[in-house]
Amino acid sequence: MSHSNTFVIYNASAGSGKTFALVKAYLKKILLRPQTDYYKHLLAITFTNKAVDEMKTRIIQTLLGFSSEKVPDTAQRMLDLIVEETHLSEEEIRAHSKNILKHLLHHYAQFSVETIDHFNHRLIRTFAKDLNLDTGFEVSLDVKQLISQAVDQLIDRAGDDDEITKILLEFALQKTDDDKSWDIAIDLRKAADLLTNENDAKYLEPLKKKSLEDFARLRKKLKGTATSHKEEIIQKAKKVVDLFHEHQLDRTHFNGGYLFDFFHQVAVGEFRLNYNTAWQNNMEEKPLYPSRVVGDKARIIDDLIPEFVQAFRRIKLEVNRYSLLQNILKNLIPLATVNLVNQELQLIKKEENILPINEFNTLIHSKIKDQPAPFIYERLGDRYRDFFIDEFQDTSELQWNNLIPLIDNAISQEYESKVSGSLLLVGDAKQAIYRWRGGLPEQFIGLCENERPFSNSEKACKTLNINYRSAREIIEFNNSFFSFISKYFGDQKHRDLYETGNKQKSAGKDGGYVKIEFIDAENKEDLQGHYSQKTLQTVTEVLALGYKKSDICVLTRKRKEGIAISEYLLENEIPVISEETLMLDNSLIVRCLVHTLQLSLNPQNEEVKIQFLDFLHHHLSISEEKHTFFKSLIHQSLETLSEKLTEYSIDFKFEELQCLSLYESCEYTIETLGLNTNSDVFLTSFMDLIFNFSQRPESGKNEFLSYWETEKEKVSISESKSVDAVKVMTIHKAKGLEFPVVIFPFADLDIYKEIDAVAWYPWDEDGFNELLISYSKSIADYGEVGSQMVEKRRNTLELDNLNLLYVTMTRAENQLYIFAKNEKSKDEPTTFNGFLKAFLESGGYWKEASTIYTFGTSNHVTSEKVQSVVHHVEIPYIVSPPESHNIRVVTSEIDQDSKEALRSITIGNLLHDAMAMIKTTEDVDRVVDDLKFQLKDDPKTFLEIKDRIVNIVQHPELSPLFRSSEKVYNEGDIITPERILRPDRINIHADESVTIIDYKTGRPKEQYEYQINSYAMALQDMGYRIREKLLVYSNNNEIVINKT
């Protein structure tokens, strides 16, 4: 068996052509095999859809280039290298590439270049039944939204469940004791974020078995222990105070009165003191009294020193233990609520048949990983032999452990020509900036050293040390700077990483320019203004050198910093593309649609009405003075507002929206208000969002508005590459990208600073292995365990944050500008600006009178790239109501123009929507409460619908269907070859038989029977036995059930 190159690692620093190297390795594998379909045995894994698209495109375009009689310049270098390394002729490669490309394009699904999440999704789909998952489960990418929904459900249970009410009340009281708002929703969500982090999963798993009673017992015990410690500390301090009285010693007898004050403060319960001052550390070495204290008093103090020292040390030890207990108690209630939120989350997952994407790795690890690899392959329908993993430094521990069995099986087997499988890993631990979502760079560092996870122990590590991205001056500056800061790492492995990993060579691209400018500012606001001004000034100067706006990228660590820069550039007429400028919520038309939905559900919301009227005033070019226009309509009903709009030839009626679905309501608003007269990418993207949301199980207007409130600051349109505008983005978004010019303001991050940081403290008592604490460097006082935690955390922060700086400074191709705050040097730098200043000082560049330092020359540039001409075609959003497609929506045979007819339709639709939310009788109160709020201005309609709901749910023949624990699908789609069917309700009984229910109003019709029979036939084709088919007619207080 051949084991050559079985396991290869590419250590690829920034700009070293790792994608080129991956594509070359991939092509060599498929070109060296005689089969045209050998690519189906290759699995390439990366971490973003963008990276997948780039790799797939490169592979296909290169194969296309190889297939051509005249190989294009873009593929020639790759061809030369493959000829050299494989000893194949160009003609052999051309012929084989044609055949491979033809087969690949006809069997594209077997072309496995995908994200790790996509691969895991396939794996979980395959093992869905083994995992007790419904085969039709949906993947939820929006985990934060699920957490928010779970928190809301938990809070809703307060008042009904005594245990939950008690703990939430205690949480609120704890917050008020800490002088914080009693509103617990935000804190519950923050605590529940632990559920989304893979790094916390192993600590949370044992806690899932703990009840509220377990947490209550622990809390009671810890409070008792803390109280005992407190009393003991106070008693020790009081004994020393008694010694002061006994020997008539006062504050003036001690240096600075420090010792005297210390014991008096502790004696009254004030423990928040410094326990590491100079006088404390020198108690046994230097006199505790000033030189003026002599004679008896001096002798007495000298005699008492042993007692003072012993008391201080015991107090310090006890205070540290007391602080630990208080820290645990502070976080114990939030930790208990995480368990409660998780329970609600499990209910949501079950009810809505969804699986959060963050649970993929855990599920595979717990249920699938230990299955025999051949069995997994058989179930997948694929058999991979060669693996390629990109950006390995961002791989989590679970992701890697889940892949190891599959890879080990492949590389330890013999295939055709006695060749074994292979694995190529590509990564760079210096670019690991995603630890917060599970990325573990230590894995890559370990594999580059001595770790060998496979039975075949052979391994080759190669360094890609040529930088094809940046100009020579930038490469040399970064080599020097990052080699210099390597000495500041506390972990030797991290020092070695930066010392040996910053020896890149230039690919021959001469020139380059680096500018560092330090800014003097009196305060934070002044500094931010300077950063914005310097950025604008630099953009202007760079444009004058011949660069385009799209060549420039401004990078910031924090989103709010990017917003400040974007706003300033826009104010000064510099076009900007940023996450903020691309957000859907920036569109006035999108806001109008949202306000229309809000008003239709809550007509009394005057704030929303004002915003709606403000948009109409501008959109319709209303000549009436704006304030007068507002005043005339703000207190009017929606009916009056609709009548007012007819004066402007707008036939828009809010009552129409009550008869329409979410998507149809938006289309009605777009058409009647004329919102689609021009091409608008924001409107199109918003309607795509509405359409996708409408596919969810619960997709009403209320649900969408709740979703929008939490997601509106995240949803954005895709960036257009043809727009000539300055890019503004966070460092994390810029990972893997490159730009001719990079500007980095706000270069003053404190690498050790964390906000609301937490950690898991080993406990191993009372049935708990680890407990959550608030993290700060003071936990080193808790003892050896605390000291080790602080040292490890400090080393981690150093690597993670200096990696951020590395990623930032290696994005530039030609020019790099850095703006930092001018501060006094420290013995050990702790900020980005501190490291820059220390580097300049060590190299002899620093001058006290100078704030600007440059490397290289800032030259004019002439773009050699062929500028493609982009012709923009204006395509307005097309509204397509059902009637435009000759689709007749049958609602009722009564007169459509009468108000009574409209009311009947409205009641029917509202009843349908309400019953779609009810699976069991437990759902009724919640749905009725929502309906009451929605119809607070129409109590008559509310009472009528409520009565109908109660009559249906409590009907003797129907009530058993609402009390059971059977599977229930409301408004679930049944996809048949001819069409999509959607029964109102399906109950799947324990014996796999099915009861179908369809709700109707009005008179019985033959077409209703045909409809429910079509549902039954579709379900029978799926293998279900039909127990009953029920047409439930609800008219006024009468319920009629037709069994077909």
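Helices, as named here, are DSSP runs of H or I with at least four residues, and strands are runs of E with at least two, numbered from the N terminus. The model is predicted.

**Stop 1: a positive patch**

Select K558, in the loop between β12 (552–556) and α21 (559–571). K558 is partly exposed because its relative accessible area is 38%, and partly exposed covers the range between under 20% and over 50%. Now add K524, K560 and K753 to the selection: together with K558 they form a positive surface patch.

**Stop 2: a negative patch**

Next, select D156, which is found in helix α6 (residues 143–156). The relative accessibility of D156 is 55%, so this residue counts as exposed. Extend the selection to D160, D925, D929 and D930, which form a negative surface patch with D156. Which helix supplies the largest share of the negative patch? Colour helix α34 (residues 924–934): three residues of the patch come from this helix, and that is the largest share.

**Stop 3: a strand residue**

Move to strand β18 (residues 812–821) and pick Q815. Is Q815 buried or exposed? Q815 counts as buried, because its relative accessibility is 2%, and the cut-off for buried is under 20%.

To see what surrounds Q815, leave out residues up to four places away in sequence and show its contacts. Among them are I474, Y513, V542, L545 and Y547. Q815 also touches P740, V741 and V742. To complete the set, display S858 and N859, which Q815 touches as well.

Note on methods
Residues numbered from 1 in each chain as written. Predicted model: local features only at pLDDT ≥ 70, side-chain atom pairs only at ≥ 80, totals over all residues. Heavy atoms only, no water. Patch = residues over 30% accessible without salt bridge, like charges linked within 9 Å, V, L, I, M, F, W, Y side chains within 5 Å. Areas by Shrake-Rupley, 256 points an atom, 1.4 Å probe, with all protein chains shown as cover. Salt bridge = Lys/Arg side-chain N within 4 Å of Asp/Glu carboxyl O. Lys, Arg positive; Asp, Glu negative; His and termini not counted. Charge placed at Lys NZ, Arg CZ, Asp CG, Glu CD. Buried < 20%, exposed > 50% of the residue type's maximum accessible area, 1.4 Å probe, protein only. Contact = heavy atoms within 4.5 Å.
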